[in-house]
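Please examine the structure shown below. The account that follows begins with its charges, proceeds to the chain as a whole and ends with a single residue.

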Amino acid sequence: LKMGGKPDEERIRNDALGKLKKREDAADFRLPAILNILHKYSESDLLSESFVADAKETILNFKYWPDELEGWSWTKTARMDSAYIYKLLHDDDKTNDADAVACQAEFDRVDAMDDMCYWSENHFILFSSGAYLAAQLYPSETFTASVETGAQRMVKFKPRVMRWLELRYKSGFSEWLSNVYYNEDMPAVLALIELCEDREIQQLATMVMDLMAADMALNSFHGSFGSTHGRTYENKMSGLRDHTRPAFDLMFDTNDPDVGNMSASLLAASEKYRLPHVIYEIAADTRRAEFVNKQRMGITIDKNTFGNWGLDTRSVENGGCLENAMTFLTLEAYTHPLTIELFRDMLDTYSMWGNKFFAPFKESRLLIEHPELFDTVFDTTTGINTLSKIASLAEKDIARNMRPEVNIYTYRTPYYMLSTAQDWRAGFGGDQQSIWQATLGMEAVCFTTHPAKQGSDSQSTPNYWTGYGTLPRAIQVEDVVISLYDIDTTTDIYLKDQPLYTHAYLPRGKFDKSVRQVADNGVWFFARKGDAYLALFSSDKDADWIANDDDKKKKGKYEIVANGEKTVWICQLGSRNEYANFDAFTKAIVNAPLAVDAAAMTVAFQSPSQGSLVMDWENDLTRNGASVNVSDYKRYENPYSSAEFPADIIAFKFNGNSLILDFKNKTRKVTNACDSGASRAH
């Protein structure tokens, strides 16, 4: 359409409009494109009248928030109450059992709504921005699901949009550096920049887009977004499969062109967003001898959350509100001890017990609705009688997909990059996070995980390669990362029977050379890519590459398995710039003093580059006797920027170019050296 061509209307009807009409999961991913089409091309001869009418009707009939129940409200009768059903099933009268089943069936019928995910960080902005822009387009029309006019909905959704943008600006992303979900955030944010008539929203959206671009520039290696990730899948195995790759190419000219991507398409078509040149220059600054970027992202849920962020964790009956609940769910804090009661209120009020994402909670509905029955159900005398206390018992397992505050450390040279979420939730269950990664090329990467499930064909996460059964304690110091794994064998709710081994992804076919060498207290694996070198240590002396069915497809073995409930992994990087050659690197590493006790979770490594590194499960990592700080980082701290956390003013400066963002005054000042010092303040 932008280039004057006619689109395939039937394909759009079958795909995007079809998903929106059926209210399928991820239908909201189609909203930015459809809204751009309706806003800009409704009067165009390039579209048929019937298509425009169909698209308009679809947008008006779509459901944008879980409370939009089309004039119907949940009526939860006494017969549906889980305690009543439990009593019928556990009394001495077996004739009541059939009535109990009927009562449960009544509950299940009332609860059948839809299976859309409204609440994770990317879905929240896709739904809320989509709702606002649709309302702006049709202010006098009635939206079916909410029975509200567009004008009414603009008033309702602006605070939601602004709250999301404010948190992303001040604290960054809970789905930190996601090479999957930044690609969903960008279309929503770009749609606000391009289409929104509210100047305040448009300006803040532009500033957040700048920061997403900066995140990508600061944590990439020659076009590969090979950093730690708050959410990712097996995409992390190759920069060629990165969902953000087309946007990288368009913004930074660092990849081979890749098309068919919504973020890149909306960037290309945008008339209002221009990447600040300083961010381009930062992305292009790949020959710097050493580069360190420290960032803090996300928020912490504790007794200070209300004071720090204005977010009340209390349940509705105790003064809280469901708007806060939806915000907490952007970091997927369903089952945190402080928010689980608020989550229970959402299940009832929004009729979400039947949503496929929350259906597993039905199995525990009795204790969720009536925590006072805990001792009765388990025939014990613990005195546990609140939902918060129950959640505390199994927090490490049931809160595994939650993403609170993270401190990110990325170290880069012209030859390699190493990136880690420092000491993040060690011992907790994980879901889709990637804690550390070494990147030596687009496909020459290395990382370790604890498989959550046996077999590599599971679609639900966490699974064999995506996420973790148990998260490690991982700490990085420049070109070295130490990861301690202590597998939690007590979890029996979300994940059961976790495998008692960890594994590494080190694809031999993607490196120029790779070797294995047994040491006194474990085994070293070495790999070379060009002039970049990698050493990976496992405390399991029998660890080795294993055979997989797809080895041929990957051009060689790629998985290293280390058996044991407790395992120590160390990754050390180097290059021709530091060592005479690859053999000199391997010799230096093998000869470096190393004392490891996996059972005690202790490491003392005399790194050739960092000196003495001493680490255990509980205490600070020390380098040459001094503690290494891995917490309370700034919002940004690197050669181009230093911004406090939470952020107010964020400035990037390099090569005479600058970007100065001021949240309080909602100003954005761009200075480009190529404009002879001219600046544009917006």
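In this predicted model, the chain carries 74 positive and 98 negative charges, and the mean positions of the two sets are 4 Å apart.

The overall dimensions may be considered next. Along the principal axes, the C-alpha atoms occupy a box of roughly 75 × 75 × 50 Å. The radius of gyration of the chain is 26 Å, which agrees with the value near 26 Å that a compact globule of 682 residues would have. Within this chain, the secondary structure consists of 20 helices and 27 strands. Among contacts with a separation of 6 or more, 67% are between residues 24 or more positions apart.

The surface and the interior can be described in similar terms. Of the 682 residues in the chain, 59% are buried. The exposed area of the chain is about 26400 Å², and carbon and sulfur atoms contribute 48% of that area.

One residue serves as a local example. Arg 365 belongs to helix 16, which spans residues 365-369. Is Arg 365 buried or exposed? Its relative accessible area is 3%, and because the limit for a buried residue is under 20%, Arg 365 is classed as buried. The side chain of Arg 365 forms a polar contact of 3.1 Å with the side chain of Gln 104. Leaving aside residues up to four places away in sequence, Arg 365 touches Gln 104 and also Lys 76, Met 80, Asp 81, Ser 82, Ile 85, Phe 107, Trp 353 and His 370.

Terms used. Residues numbered from 1 in each chain as written. Predicted model: local features only at pLDDT ≥ 70, side-chain atom pairs only at ≥ 80, totals over all residues. Heavy atoms only, no water. Helix = DSSP H or I, 4+ residues; strand = E, 2+ residues; numbered from the N terminus. Rg over C-alpha atoms; globule rule 2.2 N^0.38 Å. Buried < 20%, exposed > 50% of the residue type's maximum accessible area, 1.4 Å probe, protein only. Contact = heavy atoms within 4.5 Å. Areas by Shrake-Rupley, 256 points an atom, 1.4 Å probe, with all protein chains shown as cover. Lys, Arg positive; Asp, Glu negative; His and termini not counted. Charge placed at Lys NZ, Arg CZ, Asp CG, Glu CD. Polar contact = N/O pair within 3.5 Å; in protein donor to acceptor, adjacent residues only side chain to side chain.
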